[in-house]
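Visitor: I would like to learn how to read a few features of a structure. Could we go through them one by one?

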Amino acid sequence: MKRGLAVAIVVAHFGLMACEQAQEHTAAAVHERDSASMMVSYGVNTLISDSGVIKYKIVTERWDVNTIKNPPRWTFEKGVFFEQFDQQFHVEAYIQADTAWYFDQQKLWKLRGRVRIRNVNGLIYESEELFWDGLKHELYSNVFSKVTTPERTLQGTYFRSDEHMRHYTVSNSKGSFITDDMENDSQQPGAAPGDTTQQQSEPILRPQATKHARTTSNEQNE
């Protein structure tokens, strides 16, 4: 009887030791729920509409949709390419960037890294950052931007335009113009074909170049 009791005690002792040595291998709880996207799509080529009207086509390698982050957003970490359409579904412009975010509640696009726009009028816009406000229907940037058209080249640290790139402003700027374009702008203010530009800071070399040309002409007449 005593021997059986001793065996039972030994078995129970080793059982308790075995329970104490057992370890559960579990992963830590994920508290940052906004780190996970609701949807991830690869190789996307799709049309996007607004109020029942097709606005643009998106082509991207990866598209993440996160509705938990504040504010909710779409993320295009592998770059994005747009085709922008008018109401007749004609292509108005091509837009591309290395990275992009779209905040759907604000209807705001943020484009970064080799941002480039080209419209059907031959205008080319280049910058490292650009915002596209879908509520105000305008584009703007507070970093260095370059606008090139068949008639002129403008560079500045502030840019604002309508979303069709027909009327735009470049400030803190410098630029180069062809002579005919300068004469047309002076004779018909605000009547530049295809777009309207404003410069809040005149190029430093522009008055000197004009004065020099006039002096040369007078010397030849003498």
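Visitor: Which backbone atom lies 3.0 Å from a polar atom of the side chain of Asn119?

Guide: A polar contact is a pair of N or O atoms within 3.5 Å, where, within protein, one must be able to donate a hydrogen and the other to accept it, and residues adjacent in sequence count only if both atoms are side-chain atoms. Here the partner is the backbone nitrogen of Asn121. This is a predicted model, in which local features need pLDDT of at least 70, side-chain atom pairs count only at pLDDT 80 or more, and totals for chains, interfaces and linings use all residues. Residues are numbered from 1 along each chain as its sequence is written, and side-chain values use heavy atoms, with hydrogens and water left out.

Visitor: Is Asn119 buried or exposed?

Guide: Buried means under 20% relative accessible area, exposed over 50%, and partly exposed in between, with a 1.4 Å probe and protein chains only. Asn119 has a relative accessible area of 7%, so this residue is buried.

Visitor: Which residues does Ser127 touch, leaving aside those up to four places away in sequence?

Guide: A contact means heavy atoms within 4.5 Å. By that rule Ser127 touches Arg114, Val115, Ser141, Val143, Phe144 and Ser145, and Ser127 counts as buried because its relative accessibility is 7%.

Visitor: What is the average pLDDT of the protein?

Guide: The pLDDT is the predictor's confidence in each residue, from 0 to 100. The protein averages 75, and 62% of the residues score at least 70. Over residues 181-222 the pLDDT is below 50. Where pLDDT is low, the predicted coordinates should not be read in detail.
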